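Biologist: I should like to learn how the features of a protein model are read. Please take each idea in general terms and then show me the case at hand.

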Amino acid sequence: MRADTAWVDASIGSVRDVAPSTRQVEIVPGGGTVGWTPGSHIEVAVMIDGRPDTRFYSLVGDPQPTCYRIAVRREQPTRGGSRYMWSLSPGARIKVSSPRNLFELEFGRPEYLLIAGGIGITPIVGMALALMRRAATFRMLYGCRSREDAAYLPELAERLENRLTFFAENEGERIDLATEVHRLGPGAQVYVCGPMGLLDALRRVWAASGRRPSELRYETFANSGRYAPTPFWVRVPTRGIEITVPENKTMLDALAEVGVEVMFDCRRGECGLCAVDVIETTGEIDHRDVVFSDHQKKESRKICACVSRVVGGGVSVDVGFRAD
């Protein structure tokens with residue numbers, strides 16, 4: 001488990017709804033902000049049903065000296081994080097971490113393509129503004145369920161002008177990933193943040209294009225998957241334990257509550273540290289990580305406990321050497 005997070009006291013500044021289901025929250029650390037770069041996120045300490053937990057939120061826009069800006073989508077169903085964040089009013093006291101960047105924007109490329117799906121727009125906003133200041137060549141593709149549901153769309157349309165193309169799902173519009181990748185020149189980089197379906201589709205298109213894997217950079221949602229979350233059972237035969245993971249809790253957290261600790265770091269399905277061996281499964285594993293290849297996901301020999309789930313049954317796992 002991570003024990004290196006340094007927490008600082010902070011308060012809620014202003015809040016405003018940037019879409020009917022998305023709220024921008026300004027967080028004011030007591031000692032001021034720490035410098036950060038586009039793609040950074042912070043951890044926020046939250047209370048879920050009376051117990052402490054943490055959530056990760058991308059930082060939005062340009063760095064400010066007095067506050068961090070995040071945007072929180074009100075999820076249904078929810079594991080509790082968005083409900084807690086939406087309950088906070090200006091002046092409320094919270095704890096946050098310093099910014100950390102696992103989605104770093106590399107400057108100096110001849111061309112950039114930024115792709116955002118839904119609330120995945122949050123880290124992409126700052127990237128677009130940074131590229132504009134450097135007069136870089138870039139385009140942004142932004143897809144969402146509807147124009148009304150698209151956070152920051154009016155501001156982005158005004159500032160980016162013809163660099164932005166928006167796709168409204170309820171109007172029958174979809175991003176043609178193959179065409180967009182084909183348009184890119186040599187040395188171009190793509191940065192994408194959005195649900196798992198978008199990322200999986202882009203990774204397949206990227207592999208087929210023959211472009212260098214390192215030129216595709218991505219961040220995803222820890223709670224996105226192919227299926228809506230439902231309860232499932234987990235057995236740990238070596239411990240004689242069987243539990244039910246409810247729809248609003250991760251396998252990682254549910255195991256920790258009964259004393260089965262699994263090593264983890266990112267909690268977003270991006271590092272693979274929490275992957276455990278699958279002994280047996282009924283139903284289908286909904287792999288929500290970006291660690292395993294399509295082939296590995298099809299084999300389902302491992303499961304990332306921090307994000308992945310089972311649909312229509314459960315799974316028996318071996319936590320191996322992991323401490324208890």
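The dialogue below goes through salt bridges, aromatic rings, a buried arginine and a sheet.

Biologist: What kind of model is this, and how are residues numbered?

Modeller: This is a predicted model, in which local features need pLDDT of at least 70 and side-chain atom pairs count only at pLDDT 80 or more, while totals for chains, interfaces and linings use all residues. Residues are numbered from 1 along each chain as its sequence is written, and side-chain values use heavy atoms, with hydrogens and water left out.

Biologist: How is a salt bridge defined, and how many salt bridges are counted here?

Modeller: A salt bridge is a side-chain nitrogen of Lys or Arg within 4 Å of a carboxyl oxygen of Asp or Glu. By this rule the count comes to 27 salt bridges. One of them joins aspartate 49 to arginine 83, with the closest N and O atoms 3.5 Å apart. This pair links distant parts of the chain, 34 residues apart: aspartate 49 lies in the loop between β3 and β4, and arginine 83 in helix α1 (residues 81-87). Helices (H or I, at least four residues) and strands (E, at least two) are DSSP runs, numbered from the N terminus.

Biologist: Is aspartate 49 buried or exposed?

Modeller: Buried means under 20% relative accessible area, exposed over 50%, and partly exposed in between, with a 1.4 Å probe and protein chains only. Aspartate 49 has a relative accessible area of 63% and is therefore exposed. Arginine 83, at 43%, is partly exposed.

Biologist: What can be said of the backbone at aspartate 49?

Modeller: Its phi is near 50°, a positive value in a residue other than glycine. Glutamate 161 also has a phi near 50°, again positive in a residue other than glycine. Glutamate 161 is found in the loop between α3 (153-160) and β10 (164-168), and its relative accessible area of 58% makes it exposed.

Biologist: Which partner does arginine 217 have in a salt bridge?

Modeller: Arginine 217 forms a salt bridge with glutamate 106, the closest N and O atoms being 2.8 Å apart. The two are 111 residues apart and link distant parts of the chain, with arginine 217 in strand β12 (residues 216-220) and glutamate 106 in the loop between β7 (100-101) and β8 (112-117). Arginine 217 is partly exposed at 24% relative accessibility, and glutamate 106 is partly exposed at 31%.

Biologist: Which residues are joined into a network by salt bridges that share partners?

Modeller: Arg51, Asp53, Arg55, Lys249 and Glu257 are joined into one network. Within it, arginine 51 and aspartate 53 form a salt bridge whose closest N and O atoms are 3.3 Å apart. Arginine 51 is partly exposed at 22%, whereas aspartate 53 counts as buried at 9%.

Biologist: How are aromatic pairs recognised, and how many are there?

Modeller: Rings of Phe, Tyr and Trp (its six-membered ring) pair if their centres lie within 6.5 Å; planes under 30 degrees apart count as stacked, over 60 as edge-to-face and the rest as tilted. The count comes to three aromatic pairs. Among them, tyrosine 142 and phenylalanine 166 are edge-to-face, at 5.3 Å centre to centre with 85° between the planes. They lie 24 residues apart, tyrosine 142 in strand β9 (residues 138-144) and phenylalanine 166 in strand β10. Tyrosine 142 is buried at 0% relative accessibility, and phenylalanine 166 is buried at 10%. Ring pairs also link Phe103, Tyr112 and Tyr191 into a cluster.

Biologist: When does a charge sit over a ring?

Modeller: The rule requires NZ of Lys or CZ of Arg within 6 Å of the ring centre and within 35 degrees of the ring normal. The charged end of arginine 134 sits over the ring of phenylalanine 107, 3.8 Å from its centre. Arginine 267 places its charged end over the ring of phenylalanine 264, 4.6 Å from the centre.

Biologist: Where is arginine 288, and what does its side chain reach?

Modeller: Arginine 288 is in the loop between β15 (275-286) and α7 (294-299). At 3% relative accessibility, this arginine counts as buried. Its side chain reaches the backbone oxygen of tyrosine 227 at 2.7 Å.

Biologist: In what order do the five strands of the open sheet run?

Modeller: Two strands pair if DSSP finds at least two bridges between them. The order is β14-β13-β17-β15-β16, and the pairing is mixed. β14 (241-245) and β16 (302-304) stand at the edges with a single partner strand each, so one side of each is left without a neighbour in the sheet. β15 and β16 pair in the antiparallel sense over three bridges, and valine 276 stands opposite isoleucine 303 in β16.

Note on methods: A polar contact is a pair of N or O atoms within 3.5 Å; within protein, one must be able to donate a hydrogen and the other to accept it, and residues adjacent in sequence count only if both atoms are side-chain atoms.
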